[in-house]
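Let's walk through this structure together, starting with a pair of helices and then moving on to strands and charged side chains. Keep the view open as you read.

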Amino acid sequence: MTDATADAAGADEPPKKKPSKLPLIAGLVLAILGGGGGFYAAWSGLLPIGGGSDSAHPEEAEHAAEGHGPAATVAFLELPQLIASLGPGSAMQHLRFRASLEVDQAHLPEVTLLQPRILDVLNTYLRALEPQDVEAQGALIQLRSQMLRRIQLVTGEDRVRDLLVTEFVLN
C-alpha cells in the first residue's frame, strides 16, 4: 500500500468528532445548584437538621428562642456503681455497671427521690441476665434500651430522657 492509496482510504472516513462536554457542564451546574439549595434549606431552617427545633419538645423550643438552648434544661444524675454476678455458665463472673440519667432540670428532684427504686430495677434486671445476653455482639445497645424502658416505668414516661452507660465491664 502506498501513501497515495492510504490517503485515498483515509479520505473516505469522516473525521472523528470529540464527545460533547455539554452533559458534563450541565451535570456540574446542577450539582452546584443542588448543593447550594440544600445548604440554604438547612441554614434557613427549612429542614430539621441536627439541633433544629422539635415540635415534640415545645419547652425546648421556647428556651432556645429565649437564648437558653436545650442544654439549659438538662441535668445528669449519676447512679452509683452496680456489681451483678453472672450465672455459672459464663466465662466471666461479674458485671460492673455505672450509668448516668439524662433528666429534665425541672424533674431532677423527683427522679433523685426515686433513685432507690431505679437502683432496684437495674439490679433486678442485671442479675436476671443470662451470660449469652451480655456476651453477644451489640448486646449493650439492647441492654441499654431495656434498662431505660424500665427506668421510665418507675419514674414516669417524661422524666428521664436517656440512660448514659459510663462503665460496663465483664470480669
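Throughout this walk, contact means that heavy atoms lie within 4.5 Å of each other. Please keep in mind as well that this is a predicted model.

With that in hand, turn to helix H5 (residues 115-127) and helix H7 (residues 139-155), whose axes come within 10 Å and cross at roughly 145°. The crossing of H5 past H7 is right-handed. Which residues make the contact? On the H5 side they are Arg117, Ile118, Val121, Leu122, Tyr125 and Leu126. They meet Leu143, Gln146, Met147, Arg150, Ile151, Val154 and Thr155 of H7. Sorted by class, this contact comprises nine nonpolar, two polar and two charged residues.

Next, find strand S3 (residues 94-104), where Ser100 sits. Is Ser100 buried or exposed? Its relative accessibility is 11%, so Ser100 counts as buried, the cut-off being under 20%. Setting aside neighbours within four places in sequence, Ser100 is in contact with Leu77, Glu78 and Leu79, and also with Asp162, Leu163, Leu164 and Thr166.

Glu102 belongs to strand S3 too. Glu102 counts as buried because its relative accessibility is 17%, and buried means under 20%. Not counting residues up to four places away in sequence, Glu102 touches Val74, Ala75 and Phe76, along with Val160, Arg161 and Asp162. From Glu102 to Glu78 the C-alpha distance is 9.0 Å, with their positions 24 residues apart in sequence.

Now for the charges. Side chains of opposite charge can pair when their charged atoms come close. How many salt bridges are there? The count comes to nine, and three of them are worth following here.

Start with Arg98 and Glu167, which form a salt bridge whose closest N and O atoms are 3.3 Å apart. This pair links distant parts of the chain, as Arg98 is in strand S3 and Glu167 is in strand S4 (residues 160-170), 69 residues apart. Arg98 has a relative accessibility of 26% and so counts as partly exposed, whereas Glu167 is buried because its relative accessible area is 18%.

Asp104 forms a salt bridge with Arg161, and here the closest N and O atoms are 2.5 Å apart. Because Asp104 lies in strand S3 and Arg161 in strand S4, the pair ties together parts that are 57 residues apart in sequence. Asp104 is buried, with a relative accessible area of 13%, while Arg161 is partly exposed at 25%.

Our last pair brings helix H7 back into the picture. The side chains of Arg144 and Asp162 meet in a salt bridge, with 2.5 Å from N to O. Arg144 in helix H7 and Asp162 in strand S4 are 18 residues apart, and the pair links distant parts of the chain. Arg144 is partly exposed, its relative accessible area being 28%, and Asp162 counts as buried because its relative accessibility is 19%.

Finally, some salt bridges share partners, and these join Glu78, Arg96, Arg98 and Glu167 into one network. You have met Glu78 before, as a contact of Ser100, and Arg98 and Glu167 as a salt-bridged pair.

Note on methods: Residues numbered from 1 in each chain as written. Predicted model: local features only at pLDDT ≥ 70, side-chain atom pairs only at ≥ 80, totals over all residues. Heavy atoms only, no water. Axes fitted to C-alpha atoms, helices over the stretch in contact; angles between N-to-C directions. Helix = DSSP H or I, 4+ residues; strand = E, 2+ residues; numbered from the N terminus. Left-handed = near helix turned anticlockwise from the far one by under 90°. Nonpolar A, V, L, I, M, F, W, Y, C, P; charged D, E, K, R; others polar. Buried < 20%, exposed > 50% of the residue type's maximum accessible area, 1.4 Å probe, protein only. Salt bridge = Lys/Arg side-chain N within 4 Å of Asp/Glu carboxyl O.
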